[in-house]
Amino acid sequence: MSLPKRDGVQGRYYLIQKPDTNPEVLEHADQCIQDVLDGTAKENHSGYPVVVRNQSGTPFLPSQLLERYLSKLPLKGFPYEEAVTFCDALRRLVGWREIGHTLGKYIKHQVQERFFEIGENEDYFSPFPLCTAWPELRPEDVDENLLRFTCYVAVCYTVYGASDNTIITEHYLDLVSQLRPDMVKQLKTAGSGKLPKDIQRRKTEHFTASANDVFATIRITARDSTEECYAEILDYLCAVLEQEGFPRSYSVEFRGKEKLYLPIPGLPKKGVNQLFACAVQHPNLHPAMARYARLAMREFEWYQNLSDEACAMPGTFAVFALGLEGEPWAPLVTEYLDLCDDEHSSLQGKFLHALIRKFGFQPWTLGVLVRGALSMQWLEPAREFRSLIANGESLDALLEVKRRFSAYLLPEENEDPKFRAIAWQSLLWAIWGQASENGGSKVIKTAPKELRERYQEIFQ
């Protein structure tokens, strides 16, 4: 079968146009939908826009395939299981980003606009209008499985969407709760039901815990302060994060008897801080902490129960705790710093200050400081840094870093001479602040005579 090019855009994919789509195009689209279900459809991986091809090679936009699939589903006797199966298959093939908006439009048209009186936005910052269920609406007027599908879409926004998509989840669940509060109550109690039972809830002689994938929460209560207790908790945290369906942005709520916190001034004294401050006391648990950190660390993901000014990537407190244990954990710390969002994350600055205060300026701490300076807009130095570096050993360590500076940069960073210059200046700023400008003239002028030559070599 040969499809006419006029149904495509520059021949890259075929459009399903309403109402005059070529019947041959629809036939190929339906075959593509079936191929998605059968696992035989193909995605172009690196191309833009993302397209899905059926076995014949005919390309379609994922959003249009999803629109066509959903448009054929009955609203009474809604086939929940079948719809979820198709949406999951398409998501695995092309990613949530390609289908989330289309699913949102479907819920808006088929649930929000059909069953609710839509008012005005409560305030300027609210992304959704106030929605109130029609008072004359009868339970039999709303298909239960359509509401279950609404809950499914709500969960997907939290699990697969951006960290701020939880507000969409809350809106959809608010709609459902007005019609079937029991359905949302069940989600609050047990989550989506996809997590294994021993992950949803776990209870041992040492701790109790629960995980909810819908609300992206992990709650843990330690019954004692033993190494065995923290070992079991770390094992549980890793088990939760190993579940494919658990959100990558989440909150950890911890309660324990030991009121310890990491020795880093300015860090929020939250339960997750307390947990890793306690666990790090046991050297045997350090590998488990690193395992958790590597499972948790994701760029642009966040602990959800920290305020904006204290926002932190999951894994932050485990990394900080291990980092203060010394050089063996420097590679983990640099992995973390390279993932930090330099526009929003700033807690790493407090950690870097504590690290240098504890270990001084050594080659390995300077290596960490290079990556830390690049993880923020401008890392301000701690007040003590000028005195901590004012000795021959520390200045020689900095000179060694300068001679081998390429080794501290990523390959793509090292290819750009301008970037190398900016990175070096960022490191100097992180040590001396504004005094590092103008070739460090102020620093050199006030340097002890016996160290002045080293300072000149650093700034030249």
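**Exercise 1. Strand pairing.** In this predicted model, determine how many bridges join E1 to strand E2, and in which direction the two strands run.

*Solution.* Two bridges join E1 to strand E2, which covers residues 52–53, and the two strands run antiparallel. To place one of these residues, begin at Lys-42 and look across to E2, where its bridge partner is Arg-53. Widening the view to the whole sheet, one finds an open sheet of three strands in the order E1-E2-E3, with antiparallel pairing. The edges are taken by strand E1 (42–43) and strand E3 (59–60), and each has a single partner strand, so one side of each is left without a neighbour in the sheet.

**Exercise 2. The surroundings of Ser-177.** Establish in which helix Ser-177 lies, decide whether Ser-177 counts as buried, partly exposed or exposed, and find which backbone oxygen lies 2.8 Å from a polar atom of its side chain.

*Solution.* The first step is to locate the residue: Ser-177 belongs to helix H6, which spans residues 166–179. The second step is to classify its accessibility; the relative value is 26%, and because the partly exposed class lies between 20% and 50%, Ser-177 counts as partly exposed. The third step turns to the side chain of Ser-177, a polar atom of which lies 2.8 Å from the backbone oxygen of Asp-174. Finally, a comparison of sequence and space can be made with Thr-150, which is 27 residues from Ser-177 in sequence, while the two C-alpha atoms are 11 Å apart.

**Exercise 3. A helix pair.** Describe how helix H17 and helix H19 pack, giving the angle and the distance between their axes, and state which residues of H17 meet H19.

*Solution.* Start with the geometry: helix H17 (residues 392–403) and helix H19 (residues 417–432) pack at an angle of about 165 degrees, and their axes are 12 Å apart. Angles over 145 degrees count as roughly antiparallel, and H17 and H19 are therefore roughly antiparallel to each other. The crossing in which H17 passes H19 is right-handed. On the side of H17, the residues in contact are Leu-398, Val-401 and Lys-402, which meet Trp-424, Leu-427, Leu-428, Ile-431 and Trp-432 in H19.

**Exercise 4. The chain as a whole.** Summarise the secondary structure of the protein chain and state what percentage of its residues is buried.

*Solution.* Counting elements first, the protein chain has 21 helices and nine strands. Its C-alpha atoms fill a box of roughly 85 × 60 × 45 Å along the principal axes. Of the 460 residues in the protein chain, 52% are buried. As a last step, consider contacts between residues at least 6 apart in sequence, of which 62% join residues at least 24 apart.

Technical notes: Residues numbered from 1 in each chain as written. Predicted model: local features only at pLDDT ≥ 70, side-chain atom pairs only at ≥ 80, totals over all residues. Heavy atoms only, no water. Pairing = 2+ DSSP bridges. Helix = DSSP H or I, 4+ residues; strand = E, 2+ residues; numbered from the N terminus. Buried < 20%, exposed > 50% of the residue type's maximum accessible area, 1.4 Å probe, protein only. Polar contact = N/O pair within 3.5 Å; in protein donor to acceptor, adjacent residues only side chain to side chain. Axes fitted to C-alpha atoms, helices over the stretch in contact; angles between N-to-C directions. Parallel < 35°, antiparallel > 145°, perpendicular 65-115°, else oblique. Left-handed = near helix turned anticlockwise from the far one by under 90°. Contact = heavy atoms within 4.5 Å.
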